[in-house]
Amino acid sequence: KNCKDNNTPPISCSSRRRRHSSTMILKTTKASSSKPLRRDGTGAAVWIVRIVFVVCLSCVMIGLGVAALLILRAAEQDLAETQYESVAERALREAAVFTRQRLMATVSIASFVSEMLPYAEPWPFVTVKGFERQATNILETSSGVGSAFAPIVRPDQVDVFEDFVYDFYQNTRKPTFPQGTGTSSFGEGIFAMDQNASSPDKRYHITDGSTSYGSPYDILTPILHHSTGASSFLMNNMHSEEIRGRSIDKMLNCTSNFLMQSNASTVRCAVITDARLMLSTGGPSALIFQPVFPARNRENLTGLIVNHIVWEQLLENLFDKEISGIDCVIEAEGSAFTYKITDGAATYIMKEGDFHEPRYNSLRRCVNVTDDELYFEESPKYSLCLYPNSKLYGSYRTNNPRIAAIGAVSTIVFTSLLFFMYDYF
């Protein structure tokens, strides 16, 4: 109107109209925005979506954290079992080799004695020159602890044999043994042990072949030579003690059945005793018996060689010093003995039985340490069985799975916070 009244030019009038329209639109917009939102449910829907999103995110977060923890824990367990399998395989292989070497050392000593005393006629009144030195040298090849030689003596030979032996110890042998070697509280003579005996050394003089367990063989097997020299075992009749005596009887049965077969007299008639506890260590051990036949009269069984196996020593040779967490069970017929390996050392559980952790039965690994091809079939069978225990798995358990799980959860939480901050602002 003003434009028309004041004769305003058309261009200026048009610009004024546009400014007026813009002003009206801005006022209208401000007025509209100042009005409250309609309660049509739009705000509630947004919050529901947000809550669902948070719940889903929380589930993902928990699932990812648990998965990371379980996966890495399983990886640690797999690593422990892989290490155990490797250690067990090597240990069992070496155990079989070790016990075979111990037997073959016994056979070698028997062969040496056989060649040194090739004729049966002078037995049992014989000595082996250099036995201690030769036996010790042979034992060193198998980490042996002791070996002995015992001739087979009939009861009617006992008196002459005793005089012969003590003359050798005190006069003939060079150098002679110390005075009193091979003697007991009762004096000179072949002795047997009896824990109920009244003598201070629990020894008694034995002059016949009688036994408490009813052996069919009327013989004595006194130790004449020992690899350690003047040993306290000299003149001990091994046939009197039941565990050793029954093993000697099995050896005698074998030789009577297979004497004429090739190599039967040197290998196949070896026997090993049932496990027995050593007074010195408190742990189990065993003895290997190998018959001796004179080289020129192999139809005559004239003596035997005995070798000692200490199972604890066997186990300590199998594991490196950094190995811990393995249970070793020595199983014999009707008996078992358990050791725990810690830092490579074997510790005997001071009672008989199998005390490995049953939950690791599926990881049992065993080897027969008494080769059937080398021992008489009636000889006891020994097995070494290995199991992991909790300490082995504990040594491989770290905080890495927990750290990884916390890291995964923290990443999701941080990302979520960024999202909510963006959404809010």
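Which side chains along E13 are buried, and which are not? Keep that in mind while I set the scene.

What you have on screen is a predicted model. The chain holds 10 helices and 15 strands. Of its 425 residues, 42% are buried. The accessible surface is about 23200 Å², and carbon and sulfur atoms account for 57% of that. Now contacts. Take those between residues at least 6 apart in sequence: 65% of them join residues at least 24 apart.

Let's go to the sheet. It is open, it has 5 strands, and the pairing is antiparallel. The order reads E13-E12-E11-E15-E14. Which strands stand at the edges? Strand E13, residues 345-348, and strand E14, residues 365-368. Each has a single partner strand, so one side of each has no neighbour in the sheet. From one strand to the next, the twist averages 25 degrees.

Back to E13 and its partner. Strand E12 covers residues 335-342 and pairs with E13 in the antiparallel sense, over 4 bridges. The two strands form a hairpin with 2 residues between them. Look at Asp343 in that turn: its phi is positive, about 55 degrees. Next, who faces whom? Thr342 has Ala345 of E13 as its bridge partner. Ile341 stands opposite Ala346 in E13.

So, the opening question. In a regular strand, side chains alternate between the two faces of the sheet. E13 shows that alternation. Ala346 and Tyr348 point to one face, and they are buried. Ala345 and Thr347 point to the other face, and they are not buried.

Now the cysteines. How many disulfides does a search of the whole structure find? The search finds 2.

Take Cys254 and Cys269. Their S to S distance is 2.0 Å. The angle about the S-S bond is -80 degrees, and the link is left-handed. Cys254 sits in helix H6, residues 242-258. Cys269 sits in the loop between helix H7 (264-268) and strand E7 (271-272). The pair therefore ties together parts that are 15 residues apart in sequence. Buried or exposed? Cys254 has 1% relative accessibility and counts as buried. Cys269 is also at 1%, and it counts as buried.

Then Cys366 and Cys385. Their sulfur atoms are 2.0 Å apart, and they form a disulfide. Here the angle about the S-S bond is 115 degrees, and the link is right-handed. Cys366 lies in strand E14, while Cys385 lies in strand E15, residues 383-388. The link therefore joins parts that are 19 residues apart in sequence. It also takes us back to the sheet, where E15 and E14 stand side by side in the order. How accessible are these two cysteines? Cys366 is partly exposed, at 36% relative accessibility. Cys385 is buried, with a relative accessible area of 0%.

What about Cys59? Cys59 is in no disulfide. The nearest cysteine sulfur belongs to Cys56, and it is 6.4 Å away. Why is there no bond between Cys56 and Cys59? Because 6.4 Å between the sulfurs is too far. Cys56 is partly exposed, with a relative accessible area of 42%.

Last stop: Ser215. Where is Ser215 placed? In the loop between strand E5 (203-205) and strand E6 (225-226). Ser215 has 17% relative accessibility, so it counts as buried; the cut-off for buried is under 20%. Leave aside neighbours within four places in sequence, and Ser215 is in contact with His239 and Asp249. The side chain of Ser215 makes a polar contact with each of these side chains. With His239 the distance is 3.2 Å. With Asp249 it is 2.8 Å.

To recap. E13 is an edge strand of an open sheet. Ala346 and Tyr348 are its buried side chains. The structure has 2 disulfides. Ser215 is buried, and its side chain makes polar contacts with those of His239 and Asp249. Over to you for questions.

Terms used:
Residues are numbered from 1 along each chain as its sequence is written. This is a predicted model: local features need pLDDT of at least 70, side-chain atom pairs count only at pLDDT 80 or more; totals for chains, interfaces and linings use all residues. Side-chain values use heavy atoms; hydrogens and water are left out. Two strands pair if DSSP finds at least two bridges between them. Axes are lines fitted to C-alpha atoms, for helices over the stretch in contact, and angles run from 0 to 180 degrees between N-to-C directions. Buried means under 20% relative accessible area, exposed over 50%, partly exposed in between (1.4 Å probe, protein chains only). A polar contact is a pair of N or O atoms within 3.5 Å; within protein, one must be able to donate a hydrogen and the other to accept it, and residues adjacent in sequence count only if both atoms are side-chain atoms. Contact means heavy atoms within 4.5 Å. Accessible areas come from the Shrake-Rupley method with a 1.4 Å probe; for residues, only the protein chains shown count as cover. A disulfide is a pair of cysteine sulfur atoms within 2.5 Å.
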